[in-house]
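Here are some notes to read alongside the structure. I have kept them short and grouped them by topic, so you can follow each one on the screen.

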Amino acid sequence: KYLFRLSRQSIMGELLEIRFRLGEALVEADRLEEAEPILINVREERVKMGDWHNEARTLELLLKSTSSRSTDALVERAKQIQDIYNDALTNKLKLNRFKNVPITATNGRQILRTASDLVESVDQDLSMKIVKLSNELFGAQ
């Protein structure tokens with residue numbers, strides 16, 4: 001049973017990554033309406049698994065898929081990214097992950113930069129808060 005659960009989680013993780021990559025390719029191909037439902041589903045599964053880092057990666061793609069279509073969704077998703085990384089300020093496990101898995105910090109910095117850039121034209125205050133958060137977590141760039 002234990003091995004089955006382990007392998008099932010591993011398979012689920014791989015399937016989610018495949019669907020994430022499909023969503024990413026659709027965003028890059030500017031097929032945003034096709035990408036969004038796939039990415040929403042991937043994010044929901046990441047939340048269930050408690051995979052905050054990959055949830056943030058998925059939210060970054062969702063930001064890109066909504067940036068020109070829905071201001072409300074754009075702001076909401078930027079705030080969700082902000083919430084994930086605000087938690088990291090006080091969560092020792094997340095802070096340790098940034099140190100132990102450097103790509104997590106690199107991705108985090110990029111995700112926050114994307115969120116700040118995309119939301120800037122509609123909510124400058126939120127954009128500045130995200131920049132400040134990034135500087136607190138990763139230092140000024």
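Which residue forms a salt bridge with Arg57? The notes start there. Please keep in mind throughout that this is a predicted model.

1. **The partner of Arg57.** Arg57 pairs with Glu17 in a salt bridge, and the closest N and O atoms are 3.3 Å apart. This pair joins distant parts of the chain, with Arg57 in helix α3 and Glu17 in helix α1, 40 residues apart. Arg57 is buried, at a relative accessible area of 13%, whereas Glu17 is partly exposed at 21%. As general background, side chains of opposite charge can pair when their charged atoms come close.

2. **A wider network.** The pair you have just seen belongs to a network of salt bridges that links Glu17, Arg21, Glu24, Arg46, Asp51 and Arg57. Within it, look at Asp51 and Arg46, whose side chains meet in a salt bridge with an N to O distance of 3.7 Å. Asp51 is buried, with a relative accessible area of 16%, and Arg46 also counts as buried, at 3%. For the model as a whole, the count comes to 11 salt bridges.

3. **Lys94 and Asp87.** Another salt bridge brings together the side chains of Lys94 and Asp87, at 2.7 Å from N to O. Lys94 counts as buried at 9% relative accessibility, while Asp87 is partly exposed at 33%.

4. **A buried acid without a bridge.** Glu60 sits in helix α3, which covers residues 52–66. Glu60 is buried and yet has no salt bridge. Why not? The nearest side chain of opposite charge, Lys64, is 4.3 Å away, and a salt bridge has to fall within 4 Å, so this pair does not qualify. Setting aside residues up to four places away in sequence, Glu60 touches Ile81, Gln110, Ile111 and Thr114.

5. **Ser65, also in helix α3.** Ser65 has its place in helix α3 as well. Is Ser65 buried or exposed? Ser65 is buried, with a relative accessible area of 0%. The side chain of Ser65 reaches the backbone oxygen of Leu62 at 2.9 Å. Beyond its neighbours within four places in sequence, Ser65 is in contact with Val27, Leu32, Glu36 and Arg77. If you would like a distance to check on screen, Ser65 and Ala78 are 13 residues apart in sequence, and their C-alpha atoms are 12 Å apart in space.

6. **Two buried residues of helix α4.** Gln82 is found in helix α4, residues 71–90, and Ala88 is found in helix α4 too. Gln82 is buried, with a relative accessible area of 12%; Ala88 is buried with a value of 0%. Not counting residues up to four places away in sequence, Gln82 touches Leu126, Lys129, Ile130 and Leu133. On the same basis, Ala88 touches Lys94, Leu95, Phe98 and Leu137. Lys94 is the residue that you met in point 3, in the salt bridge with Asp87. For another distance to try, the C-alpha atoms of Ala88 and Val122 are separated by 25 Å, with their positions 34 residues apart along the chain.

7. **A nonpolar patch on the surface.** Which residues form a nonpolar patch on the surface? They are Ile11, Leu15 and Ile18, and together they have about 290 Å² of accessible area. Ile18 lies in helix α1, residues 2–28. Ile18 is exposed because its relative accessible area is 56%, and the cut-off for exposed is over 50%.

8. **One backbone angle to look at.** Asp30 has a positive phi of about 60°, although it is not a glycine. For context, most residues other than glycine have a negative phi. Asp30 counts as exposed, at 58% relative accessibility. When you go through the backbone, this is an angle to pause at.

Terms used
Residues numbered from 1 in each chain as written. Predicted model: local features only at pLDDT ≥ 70, side-chain atom pairs only at ≥ 80, totals over all residues. Heavy atoms only, no water. Helix = DSSP H or I, 4+ residues; strand = E, 2+ residues; numbered from the N terminus. Buried < 20%, exposed > 50% of the residue type's maximum accessible area, 1.4 Å probe, protein only. Lys, Arg positive; Asp, Glu negative; His and termini not counted. Contact = heavy atoms within 4.5 Å. Patch = residues over 30% accessible without salt bridge, like charges linked within 9 Å, V, L, I, M, F, W, Y side chains within 5 Å. Areas by Shrake-Rupley, 256 points an atom, 1.4 Å probe, with all protein chains shown as cover. Polar contact = N/O pair within 3.5 Å; in protein donor to acceptor, adjacent residues only side chain to side chain.
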